[in-house]
Amino acid sequence: MRVLLVEDDPMIAEAVRTALLQDGHAADLVGDGMAATTALRTSRFDIVLLDLGLPRKDGLGVLREMRARHDATPVIILTARDDVPSRIAGLDSGADDYLVKPFDLDELAARMRSAMRRSTGRSSPVIEHGAIRLDPATHEVSLDGQPVNLSAREYAVLEALLQRPGMVLSRAALEDRLYGFGGTIESNAVEVYIHALRRKLGADTIRTQRGAGYFIPRTPES
Ligand code: CA
């Protein structure tokens, strides 16, 4: 997933960012509310982790502006403010969930999975699509019940495509999911991952929409 982390405390920011990268996410970090709004207006993220007490514009302001312009990206508030009124204000302003600092990084990962499930309209944590089964909690993928070994980036591409069957994702959108801001991207990286996924999961699994990108066809159940 591509994650926007909005946090002005450098120690917390670095700890969370490291955990996200280890979990195979692309994580972009901004340290104030104005920078967060700019990032949200110019890039697409799968989820936002938002501190409330921020320089230049507070987190609630960032969140209210997002929802006012119909940006429905899931938002989890991360804050030291554990009093009930600010929790309620966050949820009423359109946050999907709320974590009080200090929080456990495994719990954050679980809440991110849960928020993503809700935002993509899935009730089950495991994605099953035809013969493919993908478990976002463990990053395990199987085909017809047989485990399939994927690299972290192959997994990220597959997860992105499986979250919205039938939807075409451009190469640029997939690169964003893999690298975030400022990552070094080899020009054919996405093609290499798609090629590997087709080899491991079957040539027809991922289709190319010429000039537009890649998609996984919907199944009757999806
Ligand atoms: Ca703060």
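What follows is an informal chat between a biologist and a modeller about a predicted model.

Biologist: What makes this a chain with two domains, and where do they run?

Modeller: The bounds come from a domain assignment, which gives domain 1 as 2-119 and domain 2 as 127-215. Their C-alpha centres lie 25 Å apart.

Biologist: How do you know which residues of domain 1 and domain 2 are in contact, and how many are there?

Modeller: Contact needs heavy atoms within 4.5 Å. By that cut-off, 12 residues of domain 1 are in contact with 11 residues of domain 2. The two domains bury about 980 Å² between them, with 52% of it on carbon and sulfur atoms. On the domain 1 side, Arg2, Ala26 and Arg113 lose the most area to domain 2, together 43% of what that side buries.

Biologist: Why is Asp46 with Arg177 called a salt bridge?

Modeller: The rule asks for a side-chain nitrogen of Lys or Arg within 4 Å of a carboxyl oxygen of Asp or Glu. For Asp46 and Arg177 the closest N and O atoms are 2.6 Å apart, so the pair counts as a salt bridge.

Biologist: And what makes Arg2 with Asp176 a salt bridge?

Modeller: Here the closest N and O atoms are 3.4 Å apart, and the limit is 4 Å, so Arg2 and Asp176 qualify too. This pair links distant parts of the chain: Arg2 sits in strand β1 and Asp176 in helix α7 (residues 171-179), 174 residues apart. The count between domain 1 and domain 2 is two salt bridges, while the structure holds 15. There are also two residue pairs in polar contact between the domains, both at pLDDT 80 or more. On the side of domain 1 that touches domain 2, β2 (26-30) and α5 (105-119) each supply at least two residues. That side divides into four nonpolar, two polar and six charged residues.

Biologist: What makes Asp8, Asp51 and Gly53 donors of the calcium ion?

Modeller: For Ca, a donor is an N, O or S atom within 3.2 Å. Asp8 (OD), Asp51 (OD) and Gly53 (O) lie 2.1 to 2.3 Å from the ion, so they pass. Along the chain the donors follow the spacing D-x42-D-x1-G. Asp8 is in the loop between β1 (2-6) and α1 (10-22), and Gly53 in the loop between β3 (47-51) and α3 (59-68), 45 residues apart.

Biologist: Why is the peptide bond between Lys101 and Pro102 worth a remark, and what is its omega?

Modeller: Most peptide bonds are trans. The one joining Lys101 and Pro102 is cis, with omega about -5°. Pro102 is found in the loop between β5 (97-100) and α5.

Biologist: What about the phi of His139?

Modeller: Most residues other than glycine have a negative phi. Phi of His139 is near 65°, a positive value. His139 is found in the loop between β7 (132-135) and β8 (140-143).

Conventions:
Residues numbered from 1 in each chain as written. Predicted model: local features only at pLDDT ≥ 70, side-chain atom pairs only at ≥ 80, totals over all residues. Heavy atoms only, no water. Buried area = accessible area lost by both parts, 1.4 Å probe. Polar contact = N/O pair within 3.5 Å; in protein donor to acceptor, adjacent residues only side chain to side chain. Helix = DSSP H or I, 4+ residues; strand = E, 2+ residues; numbered from the N terminus. Nonpolar A, V, L, I, M, F, W, Y, C, P; charged D, E, K, R; others polar. Donors = N, O, S within 2.8 Å, 3.2 Å for Na, K, Ca; no water.
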